[in-house]
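This report describes selected local features of one protein chain. Burial, strand pairing and surface character are taken up in turn.

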Amino acid sequence: MVLFYTHDVSEEGQEYDIPDEAHIYKPVIIGRHILPAAELTESNRTGVNTRALAWAISEAMGWEEPPIFESYGTGSFNVTFLARHRRYDRAVIVRVPIAACYTPGSIETSVATMTFARCILGLPCPQIFAWNDNASNPVNAPYVIMEEIQ
């Protein structure tokens, strides 16, 4: 459940609400306590600019509007988001490394390995639609936009 949004307006004047990073994550239940996602994510921040990421996804996928974000999972080194199209049944996975764990070149290596496995070896790997290995981009973090495997 996304609670807080950043308001954005497209070139055509259409208004969209895009959540900031802290409010994409789902609350976690530990024992009898529910911890708000914003408290849990301090050590797992990616520093991602969700507005820029939304428009990067739209550009890569040819979508006319920004997607709706959902939390997909958090691991030791990466955070993943599910980005759904607002009108069509289409979604992509976005993987963003946690800032404290990021190693320069790791995105490029992952993309090359997944592309090789998919195209040359014929293994079932997600298709990569877009990626950026540099944290000095408008998204403010390295990222990979890939196909959602059902």
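Ser58 counts as buried because its relative accessibility is 3%, against a cut-off of under 20% for that class. The model discussed here is predicted. Ser58 belongs to helix H2, which spans residues 50–61. Leaving aside residues up to four places away in sequence, Ser58 touches Trp63, Glu65, Pro66 and Pro67.

Burial also marks strand S9, which covers residues 143–147. Of the 5 residues of S9, 4 are buried, so this strand is largely enclosed by the rest of the structure. Two strands pair with S9. Strand S7, residues 91–97, does so in the antiparallel sense over 4 bridges, and S8 likewise pairs with S9 in the antiparallel sense over 4 bridges. Individual bridge positions can be named for each partner. Ile93 has Met146 of S9 as its bridge partner, while Ala130 stands opposite Ile145 in S9.

The connection between S8 (128–132) and S9 is a loop that contains Asn140. What is the sign of phi in Asn140, a residue other than glycine? The value is positive, near 75 degrees. In general, most residues other than glycine have a negative phi. Asn140 is partly exposed, with a relative accessible area of 45%.

Another loop residue is Gly75, placed between strand S5 (68–74) and strand S6 (78–84). Gly75 is partly exposed at 37% relative accessible area. Although 22 residues separate Gly75 from Pro97 in sequence, their C-alpha atoms are 9.3 Å apart in space.

On the surface, Phe116, Ile120, Leu121 and Leu123 form a nonpolar patch, and together they have about 420 Å² of accessible area. Leu121, one of these residues, is found in the loop between helix H3 (106–119) and S8. With a relative accessible area of 51%, Leu121 is exposed, as the class requires a value over 50%.

The accessibility values for the residues discussed individually are set out below.

| Residue | Relative accessible area | Class |
|---|---|---|
| Ser58 | 3% | buried |
| Gly75 | 37% | partly exposed |
| Asn140 | 45% | partly exposed |
| Leu121 | 51% | exposed |

The loop positions in this table include Gly75, between S5 and S6, Asn140, between S8 and S9, and Leu121, between H3 and S8. Ser58, by contrast, is found in helix H2.

Technical notes
Residues numbered from 1 in each chain as written. Predicted model: local features only at pLDDT ≥ 70, side-chain atom pairs only at ≥ 80, totals over all residues. Heavy atoms only, no water. Buried < 20%, exposed > 50% of the residue type's maximum accessible area, 1.4 Å probe, protein only. Contact = heavy atoms within 4.5 Å. Patch = residues over 30% accessible without salt bridge, like charges linked within 9 Å, V, L, I, M, F, W, Y side chains within 5 Å. Areas by Shrake-Rupley, 256 points an atom, 1.4 Å probe, with all protein chains shown as cover. Salt bridge = Lys/Arg side-chain N within 4 Å of Asp/Glu carboxyl O. Pairing = 2+ DSSP bridges.
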